[in-house]
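Reader: Could you walk me through one part of this model up close? I'd like to hear about the place where the ligands sit, and what the protein does around them.

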Amino acid sequence: MYQTMLRIRLSEESLVDPILRGDICTPCHLYSGEEAIATGVCAALSKDDYIFGNHRSHGHYLAKGGSLQSMMAEIYCRDTGCSRGRGGSIHLIDPEVGMLGSAPIVAGTISLAVGAALAASIRKDGRVAVSFFGDGATGEGVLYESINFAALKKLPVIFACENNLYATHMPIRECRVNQPISRIAEPFGIKIHSVDGNDVLQVYEASRQAVETCRMGNGPVFMEFMTYRFRGHVGPDDNIQGCHMDIRPHKELNEWLQRDPIRLFEAYLLDNQLLDAPSLDNIRGETEQEVEAALDFAKHSARPKEEELSAYVYR
Ligand SMILES: Cc1ncc(C[n+]2csc(CCOP(=O)(O)OP(=O)(O)O)c2C)c(N)n1
Ligand SMILES: [Mg+2]
């Protein structure tokens with residue numbers, strides 16, 4: 001889990017300079033600060049289980065076992081990318097590892113996860129589907145329709161809400177009545193977990209229980225993870241055309257930086273003598289190399305051919 005969180009963080013941060021230089025044209029919604037959620041949830045799943053993501057899904061894809069090289073190539077819009085360079089950062093997919101897709105339509109993949117869970121339930125294959133979405137998706141009706149249908153059919157689906165307190169530049173306190181998001185699931189009579197999303201062990205333990213609930217036929221489960229993004233809504237700092245759009249108070253950001261999920265887990269590993277400082281350094285060194293190799297692979301891959309522009313388009 002430490003390596004996965006670090007792989008996500010270092011690969012996200014490696015994109016900052018190329019984005020600022022204009023080498024990457026696809027919009028990138030960085031996941032820095034939220035790594036413990038994808039990591040802890042996916043650690044509780046098996047390879048055969050399904051996940052669906054949203055616009056901020058680099059971390060979901062990697063945590064489920066997606067290839068870092070294919071992701072980097074996709075972000076660089078190369079033919080070697082996981083969507084053959086047609087999708088970019090916001091359309092990641094790797095069915096081999098159960099990552100059934102991400103898409104930037106807010107709440108757009110929630111009902112697809114319910115569909116995957118319905119298929120698993122009809123086939124009785126024991127698979128669980130997870131839908132990752134942000135607090136912003138709670139403003140979309142399809143979420144409530146999906147929870148209702150899943151509850152009615154007792155589907156093995158986990159609704160995983162990553163509450164980072166903002167939807168683009170809209171603070172949650174300005175667009176929702178003041179109550180925890182997890183309470184929206186109460187009328188449906190399903191299991192609910194409210195979790196510190198920056199504590200990977202807490203995320204893992206709650207997810208393990210949620211997966212078990214689903215496998216026993218007692219799903220669905222709603223999970224709310226409290227967290228914060230360390231970067232802008234899209235790109236490193238929301239400095240769009242010379243105008244800073246990030247209205248989040250510095251004090252708030254600084255307080256959350258003190259609760260960096262990777263630093264917290266490092267402290268846990270050291271305090272409990274599970275790993276020593278040189279081992280942590282080794283993992284960091286290896287991961288840095290892995291990220292560098294993936295960037296190199298992406299940059300040296302060919303772009304899709306112009307004459308293949310409409311290949312793979314559904315007719
Ligand atoms: C249906 C729809 N409405 C609006 C948008 C524009 N949009 C893109 S991301 C976003 C906010 C998403 O916030 P949240 O769900 O909290 O995820 P976060 O970015 O905080 O991870 C919005 C409004 C969109 N992509 N789709
Ligand atoms: Mg949000």
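**The metal and its neighbour**

Author: Let's start with the magnesium ion (ligand 2): its protein donors are Asp 135 (OD), Asn 164 (OD1) and Tyr 166 (O), at 2.1 to 2.2 Å from the ion. Keep in mind that this is a predicted model. Along the chain, those donors follow the spacing D-x28-N-x1-Y. Asp 135 sits in the loop between strand S3 (129–134) and helix H7 (141–153), while Asn 164 belongs to the loop between strand S4 (157–163) and strand S5 (166–167), so this pair ties together parts that are 29 residues apart in sequence.

Now for ligand 1. Two of the metal donors turn up here again: a polar side-chain atom of Asp 135 is 3.0 Å from an oxygen atom of ligand 1, and a polar backbone atom of Tyr 166 is 2.9 Å from an oxygen atom of ligand 1. Arg 56 joins in too, with an N or O atom of its side chain 2.8 Å from an oxygen atom of ligand 1. As for how covered the ligand is, on its own ligand 1 exposes 580 Å², and the protein buries 72% of that.

Stepping back a little, ligand 1 has 15 residues around it, and the closest are His 55, Arg 56, Pro 104, Gly 136 and Asn 164. Sorted by class, that shell has 6 nonpolar, 6 polar and 3 charged residues. And the space ligand 1 takes up is the largest pocket.

Technical notes:
Residues are numbered from 1 along each chain as its sequence is written. Chains are lettered from A and ligands numbered from 1 in the order in which they are written. This is a predicted model: local features need pLDDT of at least 70, side-chain atom pairs count only at pLDDT 80 or more; totals for chains, interfaces and linings use all residues. Side-chain values use heavy atoms; hydrogens and water are left out. A residue is near a molecule or strand if one of its heavy atoms lies within 4 Å of it. A polar contact is a pair of N or O atoms within 3.5 Å; within protein, one must be able to donate a hydrogen and the other to accept it, and residues adjacent in sequence count only if both atoms are side-chain atoms. Accessible areas come from the Shrake-Rupley method with a 1.4 Å probe; for residues, only the protein chains shown count as cover. On a 1 Å grid over the protein atoms alone, a cavity is a set of points where a 1.4 Å probe fits but cannot get out, and a pocket is an open set with protein on both sides within 12 Å along at least five of seven lines; lining residues have an atom within 4 Å of a point. A molecule sits in a cavity or pocket if more than half of its atoms lie within 2 Å of its grid points. Ala, Val, Leu, Ile, Met, Phe, Trp, Tyr, Cys and Pro count as nonpolar, Asp, Glu, Lys and Arg as charged, and the others, Gly among them, as polar. Donors are N, O and S atoms within 2.8 Å of the metal (3.2 Å for Na, K and Ca); water is not among the atoms, so sites may look incomplete. Helices (H or I, at least four residues) and strands (E, at least two) are DSSP runs, numbered from the N terminus.
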